[in-house]
Each structure stands twice: as C-alpha cells, then as structure tokens.
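Welcome, and please have a look at the sequence and the structure below. The report that follows takes the chains in turn and then turns to where they meet.

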Amino acid sequence: MNFLEKENLTSAENEPLNFLEEKRRIPSKEEMQRALEERHGAELQKKFASASVAVCGLGGLGSNIAVSLARAGIGRLHLIDFDKVDITNLHRQQYAASQIGMDKTLALRKNLRAIAPYIEIVTDTVKISEDNLRELLIGDDIICEAFDNAENKAMLVNGVLEYFPEKYIVAASGMAGISSANGIRTRKITPRFYLCGDGTSDVTECSGLFSARVMLCAAHQALAVLRLLAGETEV
Amino acid sequence: MVKINGADTDMAGKTVSEYLALTGCNPKLVAVERNEEIIPKAQYDTTVFEDGDTVEVVSFVGGG
C-alpha cells in the first residue's frame with residue numbers, strides 16, 4: 001500500500017460523520033477538579049480556579065494560549081476577537097475545518113467547552129480599541145495581548161499599563177518565520193509587563209508564520225500567566 | 001548617562017519624542033518605560049530623560 005492510499009483510508013471522509021461529537025460520558029465537575037488538583041496541587045489549583053484572564057485576539061497566539069489556560073483550569077476566560085475563522089488560519093490556530101466562517105469567539109468557546117466543560121467562558125465579538133479597552137478589560141486580572149498587528153499590540157499594552165496599573169499584561173512580539181525555537185523567550189519589562197517572543201521576527205519580513213513557533217510563543221505567554229498566578233514573578 | 005535597552009547613552013535632556021525621532025522609531029509601535037513605569041503616549045513630547053534613568057523601549061513587530 002502506498003502512502004496516498006493509506007492516507008485516503010484514514011481521511012475524515014471515511015470516518016463516521018459524528019466522530020467528533022461521539023457521545024461519551026463527560027466527567028463531573030468534581031471529578032475534573034480532583035484531576036486538576038492531583039496534577040497542580042490543591043492550593044495552586046484554587047488560585048487558577050479563582051483567576052480571570054483575558055485573551056485579546058484569538059489567532060495563532062490567542063487560541064493556543066486559551067487552550068493551555070482552559071486545560072489548566074483557569075476559572076474565567078474572557079475571549080475577545082472581532083474576526084471569523086478563515087481557511088488560512090487552520091495551519092496554526094485551534095479551530096476545526098468545519099468552523100470556517102464562524103466567529104472566532106464562538107468557535108473557540110465551543111472547542112474549549114469540549115476540553116474544559118465547567119470553566120466560565122465570556123466572549124466579546126468586538127475590535128479592541130483605545131476607546132473600549134477600559135470598559136472591556138475592567139473585570140480581568142491578567143490580560144494576554146495576542147494580536148498580529150504591531151500597532152494594535154502597542155496600543156493594547158500602553159492602554160492596559162496606563163489605565164490599569166494593578167493588572168498584569170503578558171504580550172508577544174517576534175515569533176514569525178522558521179528561526180530556532182531557542183530565540184523565543186520571556187522578559188519582564190516592568191513588574192506588570194511581561195513580553196514573550198524573540199523581539200525581532202516581523203511577519204512582514206520573515207517567510208510566514210509556522211504553527212510550532214507561534215505555539216512556542218503562546219506557550220511562553222500561557223506559562224507566564226500561570227507563574228504569575230502562582231506568585232512566581234521572576235522569569 | 002541614560003541607560004536605554006541596556007546600553008549607556010547620552011540622551012539626558014532629550015524628550016521621549018526626540019529620542020524616538022533620532023533613532024527612527026515609530027511612536028505608534030512602541031511602549032516606553034522609565035524606571036519600571038510606563039510613560040503615557042500623551043506625555044512623549046514633555047517627558048525628558050534624566051541622568052541616571054533606566055529606560056526600556058519595546059518596539060513591537062507583527063505576527064501572532
């Protein structure tokens with residue numbers, strides 16, 4: 001059997017139509033909580049469960065950050081994006097091919113619900129601007145900047161640091177291209193501002209975006225959030 | 001001396017706006033902190049770097 005034939009046999013066309021929706025018993029809230037406590041320790045899990053984290057932008061960074069945080073049992077996730085799922089997103093963003101055309105907020109909420117049925121997920125399908133960010137983010141403890149446009153990144157970081165001196169912002173800059181993974185790092189710029197990425201790989205200059213490298217940066221951001229909640233403020 | 005992004009510079013007396021123009025940085029793409037505090041964009045024209053300041057200018061690049 002050659003590779004292509006084998007591939008055909010394992011494609012979605014040969015799967016039962018409802019293979020993703022297969023009805024199996026979902027663990028109870030208490031079972032999920034016990035499993036998380038077993039992995040993270042009860043004390044730390046309590047901190048995760050009582051946190052509210054905003055994810056601003058639900059693309060390659062934001063959708064992957066949200067998956068990590070949902071798996072960790074963050075109590076309240078606030079998902080914000082104005083955009084819809086596009087076919088060009090699928091190579092690095094946490095959406096299914098069947099979700100093209102859906103609002104990213106709603107598609108991601110559905111995907112996170114399948115992973116973490118009992119966390120609170122709040123969505124805002126809007127474009128974040130200087131005018132609405134104060135109102136939007138007032139209820140969140142930690143804000144993840146996960147935009148793709150450099151000017152929007154700067155706008156959000158400046159806005160949060162200016163208007164909410166008590167909150168933390170975890171931002172990203174420089175994860176485009178296919179350079180070494182080891183260039184991606186987390187820096188503490190101020191006690192409230194953490195920055196992940198290599199700092200230089202611009203999407204307009206590098207050859208595209210690669211899932212693994214964007215996910216690395218998203219993982220840095222998600223880990224920075226978990227560490228802050230754990231009281232670990234150094235990098 | 002003013003330490004900017006880890007390097008000693010002679011930018012004391014310059015405003016944030018003057019520094020950004022001198023170094024070719026687009027003010028819309030940066031966040032500037034001085035002594036661990038963010039400088040609001042509205043104050044770039046009036047905030048003057050002083051001798052002994054430690055400054056970090058974060059220039060954002062696209063991708064996400």
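A residue counts here as buried if 20 or more other C-beta atoms lie within 10 Å of its own, as exposed if 12 or fewer do, and as partly exposed in between. By that rule, 30% of the 64 residues of chain B are buried. Please keep in mind that this is a predicted model.

## Chain B at a glance

Chain B is built from one helix and five strands. Read from the N terminus, its elements follow the order β-β-α-β-β-β.

How does the radius of gyration of chain B sit with that of a compact globule? For 64 residues a compact globule would come near 11 Å, and chain B has 11 Å, so the two agree. The C-alpha trace of chain B spans about 35 × 25 × 20 Å along its principal axes. Of the contacts in chain B between residues at least 6 apart in sequence, 59% link residues at least 24 apart.

## The sheet of chain B

In chain B, five strands make an open sheet with mixed pairing, in the order E2-E1-E5-E3-E4. Strand E2 (7–9) and E4 of chain B are the edge strands, each pairing on one side only. As general background, strands of a sheet pair through backbone hydrogen bonds, either parallel or antiparallel.

Both senses can be found here. Strand E1 (residues 2–4) of chain B runs parallel to E5(B), and two bridges join them; Ile4(B) has Val55(B) of E5(B) as its bridge partner. E3(B) and E5(B), by contrast, pair in the antiparallel sense, over five bridges. Going along E3(B), you can pick out Ala31(B) opposite Val58(B) of E5(B), Glu33(B) opposite Glu56(B), and Arg34(B) opposite Val55(B). Val55(B) thus turns up twice, as the partner of Ile4(B) and as the residue opposite Arg34(B).

## A hairpin at E3 and E4

E3(B) is also joined to E4(B), by two bridges, and these strands run antiparallel. Here Arg34(B) stands opposite Glu37(B) of E4(B), while in E5(B) the residue opposite Arg34(B) is Val55(B).

What do E3(B) and E4(B) form, and which residue in the turn has a positive phi? The two strands form a hairpin with two residues between them, and Asn35(B) in the turn has a positive phi of about 50 degrees.

## Chain A at a glance

Chain A has eight helices and seven strands. A compact globule of 235 residues would have a radius of gyration near 18 Å, and chain A agrees with this because its value is 18 Å. Along the principal axes, the C-alpha trace of chain A spans about 60 × 50 × 35 Å.

Of the 235 residues in chain A, 42% are buried. Among its contacts between residues at least 6 apart in sequence, 69% join residues at least 24 apart. One pair to locate in the viewer is Lys46(A) and Gly73(A): they are 27 residues apart in sequence, and their C-alpha atoms are 9.3 Å apart in space. Lys46(A) belongs to helix H3 (residues 42–49) of chain A. With 15 other C-beta atoms within 10 Å, Lys46(A) is partly exposed.

## One helix of chain A in detail

Helix H5 (residues 104–115) of chain A has twelve residues, which at 1.5 Å a residue should span 16 Å; the end C-alpha atoms are 16 Å apart, so the expectation is met.

Where do the buried residues of H5(A) lie around the axis? The residues in question are Lys104(A), Thr105(A), Ala107(A), Leu108(A) and Leu112(A). They cover an arc of only 165 degrees, and therefore lie on the same side of H5(A). In general, an α-helix has 3.6 residues a turn, so residues three or four places apart point the same way. The buried residues of H5(A) pack against helix H4 (60–71), strand E2 (76–80) and strand E3 (120–124) of chain A.

## Where the chains meet

At the interface, 17 residues of chain B are in contact with 31 residues of chain A. On the side of chain B that touches chain A, the elements giving two or more residues are strand E3 (30–34), strand E4 (37–38) and strand E5 (54–59) of chain B. E3(B) gives the largest share, three residues. Sorted by class, that side of chain B has eight nonpolar, three polar and six charged residues.

Key: Residues numbered from 1 in each chain as written. Chains lettered and ligands numbered in written order. Predicted model: local features only at pLDDT ≥ 70, side-chain atom pairs only at ≥ 80, totals over all residues. Helix = DSSP H or I, 4+ residues; strand = E, 2+ residues; numbered from the N terminus. Rg over C-alpha atoms; globule rule 2.2 N^0.38 Å. Contact = placed C-beta atoms within 7 Å. Nonpolar A, V, L, I, M, F, W, Y, C, P; charged D, E, K, R; others polar. Pairing = 2+ DSSP bridges. Expected span 1.5 Å × (residues − 1). Arc of directions from axis to C-beta.
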